[in-house]
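This briefing goes through a hairpin, a sheet, a helix, the domains and the chain contacts in turn. Please read it alongside the sequence and the structure.

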Amino acid sequence: MMLTLVGVGEGMLRDQEARTRGVGADIIIRPAGSSAIGITPPNINEKLVAWAKEQPHVTQATGVTIQPLGGVSTVHGVDLDALSKMSGGFTFIEGRPFQSGQEAIIDEYYAKEKKLHVGSTVKILNRDWAITGIFRGGKLTRMMLPKTVLQDLTATTGKVSVIYVKLDDPKQTQAVIANFKQTLSDYPIYSMDELATQFSVNSIPELKTFIGVVMTLSVLFGFLVVFLAMYTAILERTREIGILKALGAGQSYVLGILLRETILMAIIGSLMGIGMSYVTRWLIATFIPASMTQAIVYMWWPIASAITLGGALLGVLYPAIKAARQDALESLSYD
Amino acid sequence: MTEPIIAIRDLRKTFRSGEVDVHALRGVDLSVAHGEFLAIVGPSGSGKSTLFNILGGLTPPTSGTVLIDGQDLMQLSDSGRTNLRKKTVGFVFQKYNLLPTLTVADNIEIARDIAGVTGPMDQQFRDVLDTLGIANKMDRKPRQLSGGEQQRVAIARSVVNRPAILLADEPTGNLDTENSTAVLDLMRSLNKKLGQTILMITHNPEAAAFADRIVHMRDGHLHAAA
């Protein structure tokens with residue numbers, strides 16, 4: 001559970017980073033007062049796109065409108081020609097780009113999860129949109145609509161959520177950002193590399209807290225499961241413990257056996273947990289590839305194993321001490 | 001004359017059952033020589049199992065003197081009694097008391113492990129396994145064996161560390177006549193071959209007849225056989 005949840009957190013961040021990098025921009029301008037990542041309402045004046053294009057070293061700039069659809073789902077309004085040019089072009093697995101106002105394009109993962117094809121319709125913002133194309137994933141988002149249509153529909157005409165900027169020479173990135181900041185002092189402006197560093201668990205306090213809660217629950221869960229399992233097992237094995245004591249086993253011998261069993265159980269449990277994280281990754285990738293992405297976070301293997309072992313040892317301590325102190329004669333009489 | 005391996009003087013054991021004191025042993029005197037095969041016969045409630053448990057270090061005496069191979073049980077702590085079970089005394093129980101999840105080999109091996117014995121089993125013990133007829137059943141689990149075979153495994157386990165004394169509590173209690181005779185013959189044979197002292201508790205006079213000497217127990221007292 002721990003590895004899956006951490007993997008989902010990490011996987012979604014990595015996926016978002018990869019899709020953001022897929023835009024092909026060197027600089028990102030976000031609305032004043034917004035954080036580096038997260039869903040941003042469209043409140044940047046679109047005239048800034050044209051202004052940005054005129055700045056030194058800037059070869060392309062395009063604004064994108066982001067509309068939340070509930071949860072972490074969003075739909076993006078884009079200038080497809082500009083975005084295509086900046087990102088190196090879209091690869092359409094099926095169909096073609098949108099052309100008219102009521103058309104949408106989706107990526108392969110969204111199509112797979114929702115079982116959509118070219119010609120299907122999808123309901124977005126209470127309207128039916130015809131899907132005209134399914135593109136190879138890794139470009140900005142999973143669902144795209146014509147920007148002007150989305151702006152009109154959401155009463156944000158002339159506003160964008162993010163401006164992506166491409167330079168003639170990436171080495172000039174910091175100089176261009178410095179130039180931008182002279183005019184747009186309240187706007188968070190990031191180079192792509194700076195933004196990439198923000199796509200980590202440490203940059204999102206809520207996610208960090210969530211992982212902390214998951215860890216705590218895992219220790220508690222491990223403790224309770226092992227405690228109850230070992231308590232019951234020891235009760236069931238009272239007679240066996242009596243036999244061992246009749247053979248001359250002391251408290252430390254009985255304690256040693258139970259601790260070794262618990263450590264073995266924790267190791268097997270950890271290995272099964274690692275295996276299960278691959279299974280959940282496959283399930284997510286097969287059934288809900290657009291909604292979630294799970295990464296395999298190798299760094300967490302020893303952490304999760306240590307937490308499992310810690311919880312298990314905590315859980316076995318009382319039952320094991322109780323077993324070790326059991327009276328041999330009473331244990332032998334137990335049926 | 002050599003010192004007896006078991007010397008009991010005025011042994012008493014009183015249990016508290018609710019608010020009543022139960023006097024299970026009321027002044028037992030007994031001497032058992034090295035290599036002797038002794039049968040203690042008596043009805044249920046006569047105190048013979050209590051005597052068995054005290055001699056095996058499973059429960060402490062209330063008063064009296066009990067010397068086992070020179071060790072005074074009254075002076076032994078809990079860990080001292082654990083050591084007695086590990087090194088000096090082996091048990092054979094009526095219910096066999098084998099560990100059900102282990103094979104025959106592992107049931108025997110765990111007794112060696114508890115005693116801290118390492119290395120392969122010696123030839124003398126392999127001969128014992130042949131005598132007991134279980135040498136070819138070492139990889140079986142107890143549930144795959146008959147009652148007689150399980151009891152023979154229990155005997156093998158009890159003698160693997162060469163304890164000076166073998167305590168057997170109704171070793172044929174769960175066996176049919178044929179298996180009972182076989183087990184008693186084997187115990188008799190091991191007694192002669194290994195020179196171990198055997199104390200067998202039974203209520204069956206036919207089983208007791210395999211012993212060198214028989215003593216009777218009634219109401220917490222021992223009486224020599226008539």
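In chain A, β7(A) and β8(A) make a hairpin that has two residues between its strands. A:Leu125 lies in the turn, with a positive phi of about 50°. The model is a predicted one, and the values below are computed from it.

**Hairpin in chain A**
- Strand β7 of chain A covers residues 121-124, and strand β8 of chain A covers residues 127-135.
- The two strands run antiparallel and are joined by four bridges.
- One residue pair can be named here: A:Val122 has A:Trp129 in β8(A) as its bridge partner.

**Open sheet in chain B**
- Six strands of chain B form an open sheet with mixed pairing, in the order β6-β7-β8-β3-β9-β10.
- At the edges are β6 and β10 (221-224) of chain B, each of which pairs on one side only.
- From one strand to the next, the twist averages 25°.
- Within this chain, strand β3 (residues 37-41) and strand β9 (residues 213-218) run parallel, with four bridges between them.
- Opposite B:Ile40 stands B:Val215, a residue of β9(B).

**B:His223 in strand β10**
- B:His223 belongs to strand β10 of chain B, which is an edge strand of the sheet.
- Is B:His223 buried or exposed? B:His223 counts as exposed because it has 11 C-beta neighbours inside 10 Å, and the cut-off for exposed is 12 or fewer.
- Apart from neighbours within four places in sequence, the contacts of B:His223 are B:Val215, B:His216 and B:Arg218.
- Among these contacts, B:Val215 is also the residue of β9(B) that stands opposite B:Ile40.
- B:Pro100 is 123 residues from B:His223 along the chain, and 38 Å separate their C-alpha atoms.

**Helix α5 of chain B**
- Helix α5 of chain B spans residues 147-159, a run of 13 residues.
- From its first C-alpha to its last, α5(B) reaches 19 Å, close to the 18 Å expected at 1.5 Å a residue.
- How many of the 13 residues of α5(B) are buried? The count is 11, and the helix is mostly covered.
- The buried residues include B:Val153, B:Ala154, B:Ile155 and B:Ala156, and also B:Glu149, B:Arg152 and B:Arg157.
- Among the elements of chain B that cover these buried residues are the helices α3 (104-114), α4 (123-132) and α6 (177-194).
- The strands β6 (89-92) and β7 (165-169) of chain B also take part in the cover, and both appear in the strand order of the open sheet.

**Domains of chain A**
- Chain A is divided into domain 1, residues 18-200, and domain 2, residues 205-333.
- The centres of the two domains, taken over C-alpha atoms, are 47 Å apart.
- Five residues of domain 1 of chain A are in contact with four residues of domain 2 of chain A.
- On the domain 1 side, the touching residues are two nonpolar and three charged, with no polar ones.

**Contact between chains A and B**
- Between the chains, 11 residues of chain A are in contact with 13 residues of chain B.
- On the chain A side, the elements that give two or more residues are α9 (238-246) and α12 (328-333).
- Which element gives the largest share of the chain A side? That share, four residues, comes from α9(A).
- By class, the chain A side holds eight nonpolar, two polar and one charged residues.

How values were computed
Residues numbered from 1 in each chain as written. Chains lettered and ligands numbered in written order. Predicted model: local features only at pLDDT ≥ 70, side-chain atom pairs only at ≥ 80, totals over all residues. Expected span 1.5 Å × (residues − 1). Buried ≥ 20, exposed ≤ 12 C-beta atoms within 10 Å, placed from the backbone. Contact = placed C-beta atoms within 7 Å. Nonpolar A, V, L, I, M, F, W, Y, C, P; charged D, E, K, R; others polar. Domains from an automatic or database assignment. Pairing = 2+ DSSP bridges. Axes fitted to C-alpha atoms, helices over the stretch in contact; angles between N-to-C directions.
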